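Here are my notes on the model, jotted down as I went through it. Have it open beside you and work through the points in order.

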Amino acid sequence: MSADEHHDHHNPPFWQKYIFSTDHKMIGLQYGITALLFLLFGFFLMMMMRWSIAYPNEPVPTWMSWVFSDNWQGRWLTDGKVTGETYNMFGAMHGTIMVFLGVVPLGFGAFGNYVTPLQIGAPDMAFPKLNCASYWLYLIGGIMMCGSFFLESGTAKSGWTNYPPLSSLADAQHPNQFFTGQTQWLLGLVMLISSSLLGSVNFITTIINLRAKGMTWMRLPFFVWAMLVTGFLLLLAFPPLEVAGIMQVVDRTFGSSFFQPTGLVSGEGIEGFAGGGSPLLFQHLFWFLGHPEVYVLLLPSIACVAEIIPANTRKPLWGYKSMVYAVLVLGFLSFIVWAHHMYLTGMGSSVSTFFQTTTVLISVPSVVLITAMLISLWGGSIRFTMPMMWACAFLPMFGIGGLTGLPLAFNLVDLHLHDTYYVIGHFHYVVAPGILFGLFAGIYYWYPKMFGRYMNRMLGHLHFWPSLIFINLVFFPMLIQGMAGFHRRWYNGGDAYMAPEGSEDVFGNTVREYIGLNELMSVSVFLLALAQVPFIINLFTAWKMGKKVESDNPWNATTLEWATPTPPGHGNFTFDVAVYRGPYEYSRPDCEEDYYPQWHEPKADTSADLDAGIAEKKEH
Amino acid sequence: MEIPYIVNPRKDTGLNNSKIAIWLFLASEVMLFGGLFSSYIFLRIFADYPWPERALPVLPGLVNTFILIASSVTVVFAWAALKLGNWKKFVGYMSFTIVCAGVFMVFKGIEYYHKFHHHAVQTTEFTTVEGHLHKESAPDEHGHTHGGNLFVLQTNEIKFALASYYMPYLDEILKRNGDHEIKFKDNYIVTRVNGDKYQEEIIAKAGDVVTPEQLKVVLAEAKEYYISARTHNQKVRTEALRLAWTKIRTAIKSKDAGDYNELVGLNQYDDAMKVAVAKLHTKLIKENATGILLNDADSLVVALDGTTIKLDPEWGRFGQGDPKNTKEGTKTSLKLKDSTVLSGVAGDSGIEIDVDAIDFRHLVMKAEERDLDVDVEIEKSPILHIKGEGGDKIRKLWATHKVWRDLFTAHLTEKYGEDEEGQPNRVPTEVDLYRVTWKQMVAYERLDYKVESWDDVENNAPTLIEGFSGANHKAFPGVFPNVIIPREQIRFESAFSPKMNNYYAIYFTITGLHGLHVIGGALVLGYYLFFGYGMFKSNPEWLANRVEVGGLFWHFVDLVWIFVFPIFYLM
C-alpha cells in the first residue's frame, strides 16, 4: 500500500490504466460502456418479448433469435415461439438488467464517477481502490445474472421484483441449487449491492471532504447535490434488499421458510417446507429498496439535465436553492412511500392510507424540480445543441411519466390499474423517455470533455427524432390498454383472452378491441431499435473523426469540470483550484462575457468583486 | 497526485476521509441488521406455530457476550497504545482482541455443531419429539433397517430423464443396487443422419441386461442424442411454422385466396386462422425436404428386480405432503429433483431416534384452534402409543411431567396469590405445561419418576456446565428413550438447521452474518497487527487512524451481539 503512494503513475501499464484502473474517469467510462452494453442486451430481450406479444403464434424471426444457439432455442422455444416460461425469463431479466445493470450504473456509476470529482475540484475520488472494486463487483454481479441464461435451469424467471413464493419455488426442482438461474440472480444481486455500497460510501465521502477551496455547500452544482442524495439512498435503502436476498438464498439452499406460508400447495402437491413464513415480508424488504431505487434512477438524470439547461439557455438555473431543498426532501420522503406498491396485498387500509398520503406528498418536491427547470427555459436565449434537444424532450416526457403516476398513488384507483399495462406505461415513461433521455443528454454534453471531440450533429438528429416519436408510440398505447384491463404479464398479449366476434364475453370483447395496439407498439419498438443505430455509430466514429473542440470549455459553461485539460489527465486539474462563486453565473450584466466560471479569479474593476468569494479569499 | 485528508482531518469538517467512510458504512450496516431484526419481529408476530422461547443454551451465548465486550475494550487500548507510540503494548492488546474473536467463533462453532446434529420429528398430529438420529444401521432380525433418515424403496423400475439426470444421484442409486440385475425396459432408438439417408439404431434394447458402467455409457449417449434430436426437430418445426404463416398471409392478401378464402379479413389471433395455420404446419413438416422429425423420446426406462434402494429425502419432495404414500408395503413412485422417477414398493423407512424432548405445544395450539379438549388430544398422540421399551419410557415421562406441572401450578398460585376473580396471578408457561425438556428427563430419571415437590426437578437437573451446549447424551446414557417412528406418521422432519422453522432460520442467518462480520473484523485487525509495523515506522498517525476505524467497526460488531444475545437466548 505505502509503496504505491511513492510510485508515480505517469505511464501505468495497460491493465492498470484500462482494466483495473483506479482513476475515477476511467472507471466512469468503464461503467458507462458496460452499462450501455447491458442496456442494449436488455433492450434486445424486450424486443423478443414484444414479438411474442404482438405475434404470439409465430416463430421469432431469425434476425432476432440468432443471438441464441440452436441448442438453446431447442430447449427454450417451442416451434420457434416464445413460451410462457421463456417470456418470464426475458421479462425478469429485462427488468433486472435495465434497472440494476443499465440505468443505475450509467447514471450514478458513469456520470457520477466521471463528473462529480471534476465538479467539486477534487483530484480523484476519496478511495480510488474501492472505486475500482466497486466496478468489478458490479461487472461480476452482472455476468452472474446474465450468464445463467445458459444454465440447465435457465435464468431467473420471477420478475425483477422476484416475489416469493413464486421465486422460491422456481428452479427448486434442480439438484444443485447453486447453479440455478434464480439463485444466481440473488447472488448477483448481493454482488451489486456490495458494489453500490462501496460506491455510495466513496461518493459521499468525496463530496463531503474533497471539495476544492471556496466550494461551499451552496456553490455545489446541482449535479453534485443530486449525487449526494443518490449516494445516501443507495447507502441506506439497499441493505434491506440485501437482507431479503440473503434470506431467500437461505430459503433456497438450506430449505428454510422465511417467505413460505404454512401449507403452500404447488403443482407438485403440498410443499415440504416447515412453513410459517410470509411472502409479504419479502415485499416489504424489497420495496424498501424498490422505491428509493426509483429516485436512484431518476436523480442522476435530472442532475444531467439541470447542468445542461443553464449552459444552453445562458441564464442561471431558476430556483437553485429550492431545487437543493427539494432534492433533500425528496430523498427523505422516498424512504416512507414504499408500500404504495403493495396496496393489493391486504396489508390493511390504515397502512395503505399512510402510504397514500406520503406518496401524494412526494410529488411536491418532484414538481418543484421539474418546474424549476421548466421556468429556467423562460426568457433564455436557447441554443438547441444536441444535449439541449434531449434535455428539452426530457421535461415533457418525464412530466407525462410523473403525472400518470398520480392515479396510481390512490389505492382506490390502484385497485383497477394494479398490474395492468397502465403501470408499465407509467414507469416506462419515467424511465425510458424520461431518465434515459436525460442520460443521453449527458452523453452528448460531456462527450467533448471525455474525448476532446463533439458527437456528430446529423447523426444526433437521426437518433433524436425517431427515438422521440417511436418511444411515444411504444408507451402511450400502453396507458390505453392498461385502462382497458390488459394484464402486464401476458406473454401472448391477450391472445388467450380474446373473444370471437359477437361473443357476450365483455372482457373478451374489450381485449379484441385493443389487442391491435400490440402490433403498433411492437413495430415501434423495432423501429426504435433502428433509431439507436446512428447513436452507436456516432459514439464510435466521433471518438476518432468527430469535430475537435475549440477549447477546454466548448459549451462556455461555468462549472469546474470545464476547467480541466481535455481530456483531463490523472489528477484532473493543472492548477490549484479555488472557487469564487456559485455554479450558474450566466449572463451577468456586469460581465463582458455571458458566463462567469466558478474558477475565474474576480477582476478588481468589476462589481463582481463583491462576490462572496473574494471576501472569503481575503479572510484566508 | 495525492488524495488529501487521508491522515489529517479537513479543517471545516474536522474529519479525515476514512472516518467519514466508516460512519457511512456503519449506517449501512445498521440498515442491514435493522432489516434482519425487523424481519425477526415480523416473523415472530405472525408465526402460526409455537415460537421456541428460550430454546438455546444460555451459557455459550453469555460467555461470548463477555468475550466480545472484553475485546472491544482491548481494541481501544490497542489504539491508545499506538497513539502513545508504544508498539509492544499495541501488539499485546491487539493480539488479545484477535484471540477473543477466535474463541468467540469456536463457541459459535460448538453451538452450530450441536444444532446440526440434533433432530426433530413432527408427527402428522403435530407432536414433536427431538433427539439424536441413529445412523443407518444393519437390518434387524425381521430384515428391517431403521435409522438415519432414508426412504427405503423396493425398486422395480427407474425412469431417467435424459436432459437432466444428475450424476451423483445416479452413482448413489447404482451403488445401492450393487450386483443386482439392471434390464432395459423399452427400446431407445436413435436416428443417425448420413447425408440424406436416415439410419435407425437401437442403443438400448428391451430386455438386455447391463452393468452399471454400460448403463452410464448408454445414458450419456442417449442424452447427447436426445439434445441434438430436440434441437433438430425444433428447427424443422420452426421453419415449417414460419413458412405456414408466410403462405397464409400471402394467400389472404391476394384477390383469390383459394383454400383460405374464409380467412380474408380475420386477424392473426382468430381461432379460424390458428386452426388453418396449425393444419398447414403439420402438412409442411411432413413435406419439408430439409429434414424429417427424429425420435426425441426424453427418457430411458430400466427395470430392477425389486432391489432395496435407500434415498436421501433431500433428493426430492417425496413423502412430504402425503406421508401415507410412504407406508411400508404401498406401491409408490418417487420423483427425484432431477426428474428421475423410481417406482416400486415402499419399504420400512421409520426414523429411529433417541428422544431428548417431547413437545405437545403445536398439538395444543391446533386443538385450541378447533376448540377441542387439549388433554384428550394429547393422549391420542401416536407418540404416547409406541410399543416397546422406548414407548413405555415416554409414557412414564409424560405421566411424571403431568404430576410435576400440577405441583408447579399449585406452587405459583400459592406464591403469587389470586386476583379478585379467583384467577391465579401467575400461571405456568406453555413450555412448562406441554414440553418435557431434556433436563426434566434427567431429573425424572434421577427421581425414579416420583416427583413430590415442584422444586425436585430443579434440584435434580443437570448443571449449566453439563448442559453447556444442549442435550448431553454422553453424560446421561440410558436416560433418553429410543423409539422408531414409522414414516407414514411423520409430517415433518429436520435437523435444528434453518429448515426447522423460522426461529432457527433467522437465528442462523443473523448469527451467521454476525459471525462473518467477526471474521472480517478479525482479518482487518490482524492485518494491522501482522503487517502494520512498516507503517508504524513510516506514518504512525496513519496506522492509528486505521486502527481507530477498525476499532469502530469492531464496536459495531459487539453492539450487534448485544442485541442478538437477549433476543435469541433470553426471550
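**Notes on the two chains**

1. Let's start with a helix in chain B. The buried residues of α3(B) are B:Phe90, B:Tyr93, B:Met94, B:Thr97, B:Ile98, B:Cys100, B:Ala101, B:Phe104 and B:Glu111. Keep in mind throughout that this is a predicted model. What do the buried residues of α3(B) pack against? They sit against α2 and α13 (502-531) of chain B. As general background, an α-helix has 3.6 residues a turn, so residues three or four places apart point the same way.

2. The length of α3(B) looks fine to me. The helix has 30 residues, and its first and last C-alpha atoms are 43 Å apart, close to the 44 Å expected at 1.5 Å a residue.

3. Next, the domains of chain B. The assignment splits the chain into domain 1 (18-118 + 499-570), domain 2 (151-346) and domain 3 (353-495). Between the C-alpha centres of domain 1 and domain 3 of chain B there are 36 Å. Their contact involves 13 residues from domain 1 of chain B and 13 residues from domain 3 of chain B. On the domain 1 side, the elements giving two or more residues are α2 (58-83) and α3 (87-116) of chain B. Here α3(B) turns up again, with the largest share of that side at four residues. By class, the domain 1 side comes to eight nonpolar, two polar and three charged residues.

4. Now the sheet in chain B. What is the strand order of the open sheet? Six strands run in the order β7-β4-β8-β3-β10-β9 (chain B), with antiparallel pairing. At the edges are β7 (209-210) and β9 of chain B, each of which pairs on one side only.

5. A closer look at β10(B) and its two partners. Strand β3 (residues 151-161) of chain B pairs antiparallel with strand β10 (residues 341-346) of chain B over six bridges. Within that register, B:Leu153 faces B:Ala346 in β10(B), and B:Thr155 is opposite B:Gly344 in β10(B). As for the other partner, strand β9 (residues 331-335) of chain B is antiparallel to β10(B) over five bridges. There, B:Lys331 has B:Val345 of β10(B) as its bridge partner.

6. One backbone detail is worth checking by eye. Five residues lie between the strands in the hairpin of β9(B) and β10(B), and one residue, B:Ser339, takes a positive phi near 75°.

7. On to chain A as a whole. Its secondary structure amounts to 21 helices and four strands. How does the radius of gyration of chain A, with its 620 residues, sit against that of a compact globule? Chain A has 25 Å, and a compact globule with 620 residues would be near 25 Å, so the two agree. Along the principal axes, the C-alpha atoms of chain A fill a box of roughly 85 × 60 × 55 Å. Of the 620 residues in chain A, 58% are buried. Among contacts in chain A between residues at least 6 apart in sequence, 79% join residues at least 24 apart.

8. Then there is α9(A). Is this helix largely enclosed or open? In α9(A), 26 of the 29 residues are buried, so the helix is largely enclosed by the rest of the structure. Its span also checks out: the 29 residues of α9(A) should cover 42 Å at 1.5 Å a residue, and the end C-alpha atoms are 41 Å apart, which agrees.

9. A single residue to click on is A:Tyr429, found in helix α16 (residues 421-451) of chain A. Why does A:Tyr429 count as buried? The cut-off is 20 or more other C-beta atoms within 10 Å, and A:Tyr429 is buried because it has 27. Leaving out residues up to four places away in sequence, A:Tyr429 touches A:Met397, A:Ile400, A:Gly401, A:Thr404, A:Gly434 and A:Phe475.

10. Last, the interface between the chains. Contacts between them involve 58 residues of chain A and 62 residues of chain B. On the chain A side, α5 (70-76), α9 (181-209), α10 (222-254), β4 (269-270) and α11 (279-313) each supply at least two residues. With ten residues, α10(A) gives the largest share of that side. The chain A side divides into 29 nonpolar, 21 polar and eight charged residues.

Notes: Residues are numbered from 1 along each chain as its sequence is written. Chains are lettered from A and ligands numbered from 1 in the order in which they are written. This is a predicted model: local features need pLDDT of at least 70, side-chain atom pairs count only at pLDDT 80 or more; totals for chains, interfaces and linings use all residues. Two residues are in contact if their C-beta atoms, placed from the backbone, lie within 7 Å. Ala, Val, Leu, Ile, Met, Phe, Trp, Tyr, Cys and Pro count as nonpolar, Asp, Glu, Lys and Arg as charged, and the others, Gly among them, as polar. The radius of gyration is taken over C-alpha atoms; the globule rule is 2.2 Å times the number of residues to the power 0.38. A residue is buried if 20 or more other C-beta atoms lie within 10 Å of its own, exposed if 12 or fewer, and partly exposed in between; C-beta atoms are placed from the backbone. Domain bounds come from an automatic or database domain assignment. The expected span of a helix is 1.5 Å times one less than its number of residues. Two strands pair if DSSP finds at least two bridges between them.
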